[in-house]
2 protein chains.
Amino acid sequence: MSSYHHGNLKTELLSCAYKMCERDGYTKLSIRSLAKESNVSQTAPYRHFKTKEDLYAEVAAEGFNRLYKAMSKSKYKSPKKNLISAGREYISFGLKNSNTYDLMFGTAVPDFTKYPNLFISANKTYLHLRTEVTAYSKDKDLSSIEEKCIDIWAKIHGLVGLLRKLQVVPKQLLEMPDTPIMPINAINNNLDAYLEKFIKNI
Amino acid sequence: MSSYHHGNLKTELLSCAYKMCERDGYTKLSIRSLAKESNVSQTAPYRHFKTKEDLYAEVAAEGFNRLYKAMSKSKYKSPKKNLISAGREYISFGLKNSNTYDLMFGTAVPDFTKYPNLFISANKTYLHLRTEVTAYSKDKDLSSIEEKCIDIWAKIHGLVGLLRKLQVVPKQLLEMPDTPIMPINAINNNLDAYLEKFIKNI
DNA sequence: ACATTAATGTTTACACTGCTTACATTAAAT
DNA sequence: ATTTAATGTAAGCAGTGTAAACATTAATGT
């Protein structure tokens with residue numbers, strides 16, 4: 001039997017790594033533990049990921065692909081509805097896949113340009129946002145559009161970070177008893193309404 | 001001579017750790033390397049920091065203390081000027097002390113409540129922001145103030161993250177040739193003006 | 001003053017990590 | 001069919017977090 005050569009080890013390693021990352025956090029994801037959980041030798045992964053950062057980059061890229069998918073699933077005619085949906089899905093992704101989110105936006109992979117796959121999927125996500133903002137915005141001037149994109153992304157991204165630090169989860173997204181440290185009920189009670197108010201200012 | 005007992009090892013370890021963290025990033029800061037750079041035995045730090053996360057927490061707390069100091073140094077009569085200054089100082093801190101900033105806002109210390117020092121200094125920073133927002137805002141209702149605080153902090157925090165990911169540094173803060181990936185010239189050319197426009201919406 | 005104790009430092013040791021080098025096996029190409 | 005490139009394994013280095021046993025000194029109670 002030929003089980004020496006696995007066949008598609010890389011694919012399996014990657015999906016296993018994604019699972020492990022989301023389950024235990026990327027800091028716990030080691031090449032050795034990945035090899036173990038995939039039932040191959042300790043050094044087998046090195047044929048497919050030259051360094052640990054390589055592995056991180058590929059997992060992060062997969063994360064962006066899923067984030068993109070979630071953000072672009074709504075197909076309303078109303079650009080406003082699409083934008084709100086994208087925002088909600090973004091926040092939902094960030095809170096539910098928080099470990100992967102950390103990998104994507106933290107410093108584990110400091111320079112995306114080193115990893116074409118990652119750069120492309122991250123950029124794809126941004127470009128989708130830009131498309132939706134363009135559809136929504138009256139002023140179609142590119143540089144003003146991009147400024148708005150930065151505004152939106154920054155704020156939503158920061159919101160995810162703060163919501164997690166404050167250990168608050170909007171009720172709309174998850175059923176669990178929450179004890180907010182700070183009163184951010186406007187967000188907590190009705191996320192969509194909050195987002196609607198939010199995009200009104202752009 | 002009595003050099004067996006160091007005297008104030010903890011203080012020195014901490015300031016050394018802060019330096020190392022900012023110099024090399026917190027991922028490179030190990031208890032062993034800290035011990036080495038402080039010329040003590042490998043395990044000496046454990047008398048003062050039970051775990052690595054303990055060490056992280058103390059360095060992060062020092063970071064918040066410095067951030068607080070920077071944010072609260074302006075003493076204008078105009079609440080608006082103070083708020084803009086705080087925002088500028090925050091962004092400046094985040095970009096210039098990016099390694100420490102990562103430690104403070106990343107996941108190295110997931111739960112601040114475990115570390116009273118850290119929790120208090122982080123909270124002090126937030127409360128200062130709230131004070132400035134209160135002074136600036138017409139509506140003094142607490143919960144609306146706090147909502148505004150979240151808005152501001154989230155956006156500024158997200159902005160720092162994005163500016164770094166995009167490898168852009170506002171000209172006002174640092175002199176260095178920059179090649180923005182995206183056209184965010186409004187931010188890049190005049191940070192204070194950007195911040196002024198920003199707080200107008202709250 | 002002196003003995004006891006607590007605090008603080010060192011040594012040693014274990015299990016884990018990233019990664020390199022040398023080697024083994026097999027699929028693909030000529 | 002033979003060569004070659006791809007992909008697997010084994011062994012090993014240097015660095016890590018952390019615990020346990022031991023050494024030295026400062027603090028404390030009598």
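This report describes the fold of chain A, the salt bridges, a covered helix of chain B and the surroundings of DNA strand C in a predicted model.

## Basis of the model

Because the model is predicted, local features need pLDDT of at least 70 and side-chain atom pairs count only at pLDDT 80 or more, whereas totals for chains, interfaces and linings use all residues. Residues are numbered from 1 along each chain as its sequence is written, chains are lettered from A and ligands numbered from 1 in the order in which they are written, and side-chain values use heavy atoms, with hydrogens and water left out.

## Fold of chain A

Chain A has 9 helices and 0 strands, where helices (H or I, at least four residues) and strands (E, at least two) are DSSP runs numbered from the N terminus. Along the sequence the pattern therefore reads α-α-α-α-α-α-α-α-α. Of its 202 residues, 50% count as buried, a term that stands for under 20% relative accessible area, with exposed meaning over 50% and partly exposed in between (1.4 Å probe, protein chains only). Where contact means heavy atoms within 4.5 Å, 63% of the contacts in chain A between residues at least 6 apart in sequence join residues at least 24 apart.

Glu12(A) gives a view of helix α1 (residues 9–24) of chain A, in which it is found. Glu12(A) is partly exposed, with a relative accessible area of 40%. Its C-alpha lies 7.6 Å from that of Ser38(A), although the two residues are 26 apart in sequence.

## Salt bridges around Glu89(A)

Over all chains the structure holds 16 salt bridges, each being a side-chain nitrogen of Lys or Arg within 4 Å of a carboxyl oxygen of Asp or Glu. In one of them the side chains of Glu89(A) and Lys73(A) meet, with a distance of 3.5 Å from N to O. This pair links distant parts of the chain, since Glu89(A) belongs to helix α4 (residues 79–96) of chain A and Lys73(A) to the loop between α3 (52–71) and α4, 16 residues apart. The two ends differ in their accessibility: Glu89(A) is buried at 14%, whereas Lys73(A) is exposed at 54%.

Glu89(A) also forms a salt bridge with Arg88(A), the closest N and O atoms being 3.5 Å apart, and Arg88(A) is buried too, with a relative accessible area of 16%. When residues up to four places away in sequence are not counted, Glu89(A) touches Ala70(A), Met71(A) and Lys73(A).

## A bridge between chains and a network

Asp151(A) and Lys155(B) form a salt bridge in which the closest N and O atoms are 3.2 Å apart. The pair crosses between chains, running from helix α7 (residues 142–165) of chain A to helix α7 (residues 142–165) of chain B, and both residues are buried. Elsewhere, a network of salt bridges links Arg23(A), Asp24(A) and Glu37(A).

## Helix α5 of chain B and the cysteines

Helix α5 (residues 98–105) of chain B is mostly covered, with 7 of its 8 residues buried. The buried residues are Ser98(B), Thr100(B), Tyr101(B), Asp102(B), Leu103(B), Met104(B) and Phe105(B). Their cover includes α7 of chain A as well as α1 (9–24), α3 (52–71), α4 (79–96) and α7 of chain B.

A search of the whole structure finds 0 disulfides over all chains, a disulfide being a pair of cysteine sulfur atoms within 2.5 Å. Cys21(A) is buried at 0% relative accessible area, and Cys149(B) is likewise buried at 0%.

## Surroundings of DNA strand C

There are 23 residues around DNA strand C, of which Arg32(A), Ser41(B), Thr43(B), Arg47(B) and His48(B) come nearest; a residue is near a strand if one of its heavy atoms lies within 4 Å of it. Sugar and phosphate account for 48% of the atoms of DNA strand C that come within 4 Å of the protein. The nearby residues divide into 7 nonpolar, 11 polar and 5 charged, with Ala, Val, Leu, Ile, Met, Phe, Trp, Tyr, Cys and Pro counted as nonpolar, Asp, Glu, Lys and Arg as charged, and the others, Gly among them, as polar.

Both protein chains approach phosphate oxygens of DNA strand C, as the next distances show. A polar side-chain atom of Ser30(A) lies 3.1 Å from a phosphate oxygen, while for Lys52(A) a backbone N or O atom lies 2.8 Å from one. On chain B, an N or O atom in the side chain of His48(B) is 2.5 Å from a phosphate oxygen of the strand.

Key
Polar contact = N/O pair within 3.5 Å; in protein donor to acceptor, adjacent residues only side chain to side chain.
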